[in-house]
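Me: Could you take a close look at one sheet in this structure with me? I'd like to know how its strands are arranged and what packs on it.

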Amino acid sequence: MEPVRDIVIVGGGTAGWMAAAALAKTVGSTHRITLIESEEIGTVGVGESTIPPIILFNNLLGINEDEFVRETNATFKLGIEFVDWRRRGHTYFHNFGLLGADLLTGVSFIQYWIRWMRSGGDPDHLRFSAEAEAARQMKFGRAQPAPDGSQPKINYAFQFDAFTYATYLRRYSERRGVIRREGRITGVRQNGESGYIEAVDMQDGSVVRGDFFIDCSGFRGLLIEGAYDAGFEDWSHWLPNNRAAAVPAERMPAITPYTKAQAREAGWQWRIPLQHRTGNGYVYCDSYISDDEAARLLVERLEGKALADPKILRFKAGRRRKSWVNNVLALGLSSGFLEPLESTSIHLVQVGLMKFLEYFPHRHCDPILTARYNEEMAFQYETIRDFIIAHYKVTEREDTEFWKYCKNMSIPDTLTEKLELFRTRGEVKPRIGDLFTDVSWLAVLFGQGIVPQGYHPLADAMPEDELNLKLARIRSAIKQRVEGLPSHGEFIHSCCASEALVAAE
Amino acid sequence: MSGRIATVVIVGRDAPLWITTAAVQRSLGHLDVAVQAIELPSLLQPVDVYSAMPAIQGLHKQIALSEELIIAAAKAVPLVAQRYSNWAGASPAWMVGYDDPPPPGSDVGFVHYWVRGRQEGLKPAFEDFSLAASAAKHARVPVYQDGSELSAAYGYNLAAIPYSLLLKAHANRLGVRVESAPIGDIEVNDDRITAIVLASGDRIEADLFIDASGIEGALIGRLPGSSFESWDEWLPCDRMVVASGAPIDPPPVYSQISAFRAGWVGLYPLQDSTAVIAAYSSKHISQTEVIESLPLPARIPIGGDAVASTLRRGVRSRSWIGNCVAVGEAAIGLDPLESLGLYVTHNCISHLMALFPVRAGTFPEADRYNREIALAGQNLRDIQCAHYALNRRFDEPFWDQCRDRRLPESLERKLEVFSLTAHVPLYDEEPFEEQQWAALLSGAGIFPKRYDPRIDVAPDEVLIQKVQQRLRDIAVTVPNMPSAAEFLKHGRGRLEVAR
């Protein structure tokens with residue numbers, strides 16, 4: 001069994017440079033890592049919103065978080081605000097982190113909360129989330145849990161400029177020996193017998209050889225589809241959005257520590273605050289609205305002045321049927337696409353990379369491992385897909401053709417079961433490896449309008465005054481925790497203001 | 001009917017009945033849920049043993065049954081590991097210990113460090129890095145020390161009749177109503193049980209029925225749509241013989257599982273005797289032959305009290321039908337390898353309690369329960385199947401067939417991924433952690449071809465240091481644990497105070 005020596009990453013952008021950085025850090029001392037990208041092609045870089053597991057990726061790279069935030073013009077994120085999803089005028093918040101605290105009875109906090117709510121308690125479950133409380137007050141701080149459990153942790157992620165993120169990771173990777181090759185790829189050389197890819201031809205006539213190739217070439221999937229016809233499982237009947245108009249706007253005077261997702265007539269609009277500007281976009285389905293109309297509405301609805309003309313991006317929801325074939329691994333858009341409603345794009349790249357390291361191949365890639373990898377990634381995509389579909393399916397809106405379609409469309413069986421369990425008892429009981437916990441499902445399904453009809457009978461075991469006391473304690477601990485936090489703006493200024501932010505003020 | 005569950009009736013026998021009854025009563029009894037047990041005639045024999053992995057501690061805690069009582073009444077001996085001998089020709093015996101050490105440094109498990117060490121010429125076996133295996137070899141019991149939690153845990157070998165009686169008395173103390181009577185008739189309407197009619201003529205209704213009757217499936221078996229998927233193909237022992245032998249002094253804190261030409265013999269130490277279980281294939285050896293040859297592999301004198309029975313291996317296609325939930329062997333049948341018997345019951349109860357229906361009448365929870373139990377069963381089966389399939393006893397028809405058989409897909413995947421990467425792909429509802437799987441698979445002779453490249457981030461000397469640190473920690477920790485004799489004499493509670 002010959003070891004892999006040369007790894008070639010095809011395509012820069014977020015996925016490509018994440019792969020380069022992770023490989024440089026882990027196997028860089030024994031492997032040659034080359035990344036090919038072309039400035040002509042450019043990347044899809046827009047404002048990018050992430051979820052808390054990205055901290056694990058940063059830890060793997062061993063990067064300094066303040067420096068990372070400064071250099072990518074990042075802000076901190078505690079969750080996502082959903083506006084007009086359930087019905088026009090309604091707002092809810094998908095909080096990061098936990099809800100309440102473990103009451104050590106074997107019954108989840110959510111069950112106690114449902115009991116409390118159903119007997120007249122405050123239906124605002126977010127009073128039990130430190131992250132949501134902080135977001136509401138525009139505050140942020142890094143806070144570890146108190147050792148005695150009396151104070152909750154603050155879970156967070158980042159909102160950053162995808163272009164500067166790629167640049168940042170590029171610097172990181174090149175410092176660790178990754179070779180960057182500029183230019184377009186004009187040909188792919190496959191071994192006649194095994195079908196393995198041996199090299200790619202460059203426009204300048206040179207040849208880049210490799211033992212293993214990582215396809216980060218975007219939607220077209222230069223290797224995974226171009227050479228291997230891996231196939232694409234189309235999910236657009238469940239997730240019809242296939243375009244986005246994106247435009248940067250002036251920075252917000254007070255930067256929100258959360259991303260906003262506002263439902264619109266034919267899709268939804270994002271607002272991702274960065275230090276130096278605000279990323280905006282309208283994600284829509286072109287059967288219900290034209291590009292021009294979407295772009296016009298987007299610009300019209302901006303909260304700050306537009307800094308450029310809107311750019312139209314095209315995509316299709318679905319998954320590459322196989323994202324690892326022979327000696328090619330597809331990461332990022334070449335392996336599938338789910339709209340950025342729950343900020344999962346970077347996470348899927350990260351998961352793909354971590355699993356790849358687990359199953360790190362020899363020069364001959366064992367089909368058993370690639371099959372297992374493909375299965376695990378399929379599960380990741382499907383579970384996130386279901387969560388996103390729920391935002392469209394569970395709604396009161398039928399005010400436009402788009403929403404009529406969504407409300408009445410058929411959904412995957414896996415989601416039907418979850419919705420039924422949630423309606424019955426307020427929990428969906430995720431599987432091992434499910435990205436979204438019951439806290440996330442509660443935030444979204446309750447936010448979208450499903451009120452659980454019952455709760456676990458064991459939650460009745462606690463006497464009412466004891467439950468009230470415990471809930472009051474948790475609330476005051478959260479209040480106290482949040483009171484001690486600086487404003488999001490102050491926090492950024494204290495340790496990680498970017499040059500652009502300093503210059504702007 | 002759409003109110004909450006007000007009445008629960010549990011039908012069954014022996015420890016599974018009382019475990020279920022006590023657990024349900026402890027959880028729901030004070031919530032105005034009436035819990036009633038219907039006890040069917042016992043099937044236990046004086047020689048029977050329950051062997052339980054450490055998860056049983058959680059159950060005892062849940063039902064508030066004290067360890068002191070268990071040790072005194074059920075002749076219990078702590079169980080820290082299983083030792084497998086004669087499964088692989090001339091290769092040494094190996095242990096699967098009950099421990100789950102935190103990964104050193106990053107989130108890459110210790111097994112990867114071990115694989116890398118082996119590739120670089122390091123000698124120790126995987127079990128040398130197991131705190132539990134080391135404790136087992138030194139006859140020590142892993143209990144808390146200085147308030148810090150150990151990464152090793154223990155279960156028990158328990159004398160079956162006194163343990164069941166203890167549980168029954170406990171359930172009575174908890175206030176459960178008990179009827180001891182055979183069932184006359186079961187009234188079924190569509191897929192619902194409307195009532196159980198006892199031989200005495202009493203008619204018993206309930207919102208929810210739990211079937212803890214064992215392989216008989218006294219309730220679930222009467223409902224439509226309960227087919228049984230057989231695992232005979234993968235768990236080849238169809239019969240077992242139980243006998244009792246002289247005690248071993250001091251009693252080992254592990255079970256010794258020794259393969260012979262048509263099955264295996266296990267020694268399960270108790271305080272005043274040693275239970276002996278032989279599981280075998282009746283196609284390859286006769287019952288008389290097994291009973292006559294029992295003392296040989298066991299090497300301890302056996303009494304003339306051997307009892308034989310049939311093993312039913314497989315899973316019910318639906319363990320929750322209508323208002324009836326099967327737990328334990330009524331849902332999943334295994335053979336006695338790896339001491340999973342009580343765990344099956346306990347595990348089913350955990351699933352049932354987690355999904356305990358919000359309302360009587362409609363049970364949207366049933367589909368989820370059925371899927372979880374099917375998965376749990378598959379994983380338990382795979383643990384046992386791995387032992388048979390990975391044997392290296394050549395030229396014995398029984399063992400040759402075990403090796404040649406097609407594996408369940410889930411297990412095949414596990415073996416392949418482990419042998420290629422040293423990772424154990426864990427599915428939902430796994431009773432074993434990665435560490436136990438690694439101990440089982442490496443013990444049975446699979447040596448992974450490579451390890452997770454992420455550990456190469458650290459320089460060699462750091463790796464060597466981590467590996468040596470683990471050995472040092474074990475060497476320092478084990479002698480401070482109480483011996484089995486001390487433990488049995490003083491009990492865990494008093495030992496903790498003494499420290």
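What follows is a walk through that sheet, with a short look at the chain contact at the end.

Reply: Happy to! Please keep in mind that this is a predicted model. The sheet belongs to chain A, is open, and has seven strands in the order β6-β5-β15-β16-β17-β14-β18, with mixed pairing. At its edges stand β6 (91–95) and β18 (311–314) of chain A. Each of these two has a single partner strand, so one side of each is left without a neighbour in the sheet. From one strand to the next, the twist averages 20 degrees.

Now to one pair within the sheet. Strand β15 of chain A, residues 259–264, runs antiparallel to strand β16 of chain A, residues 267–273, and five bridges join them. If you want a spot to find on screen, go to A261(A), which stands opposite W270(A) in β16(A).

Next, the helix. Helix α12 of chain A, residues 438–448, packs on the sheet and touches β5 (79–83) and β6 of chain A. The direction of α12(A) makes about 170 degrees with that of β6(A).

Finally, a step away from the sheet, to where the chains meet. Here 28 residues of chain A are in contact with 27 residues of chain B. On the chain A side, α1 (13–27), α8 (345–358), α9 (367–393) and α11 (413–425) each supply at least two residues. The largest share, five residues, comes from α11(A). By class, that side of chain A has 13 nonpolar, five polar and 10 charged residues.

Conventions. Residues are numbered from 1 along each chain as its sequence is written. Chains are lettered from A and ligands numbered from 1 in the order in which they are written. This is a predicted model: local features need pLDDT of at least 70, side-chain atom pairs count only at pLDDT 80 or more; totals for chains, interfaces and linings use all residues. Two residues are in contact if their C-beta atoms, placed from the backbone, lie within 7 Å. Helices (H or I, at least four residues) and strands (E, at least two) are DSSP runs, numbered from the N terminus. Ala, Val, Leu, Ile, Met, Phe, Trp, Tyr, Cys and Pro count as nonpolar, Asp, Glu, Lys and Arg as charged, and the others, Gly among them, as polar. Two strands pair if DSSP finds at least two bridges between them. Axes are lines fitted to C-alpha atoms, for helices over the stretch in contact, and angles run from 0 to 180 degrees between N-to-C directions.
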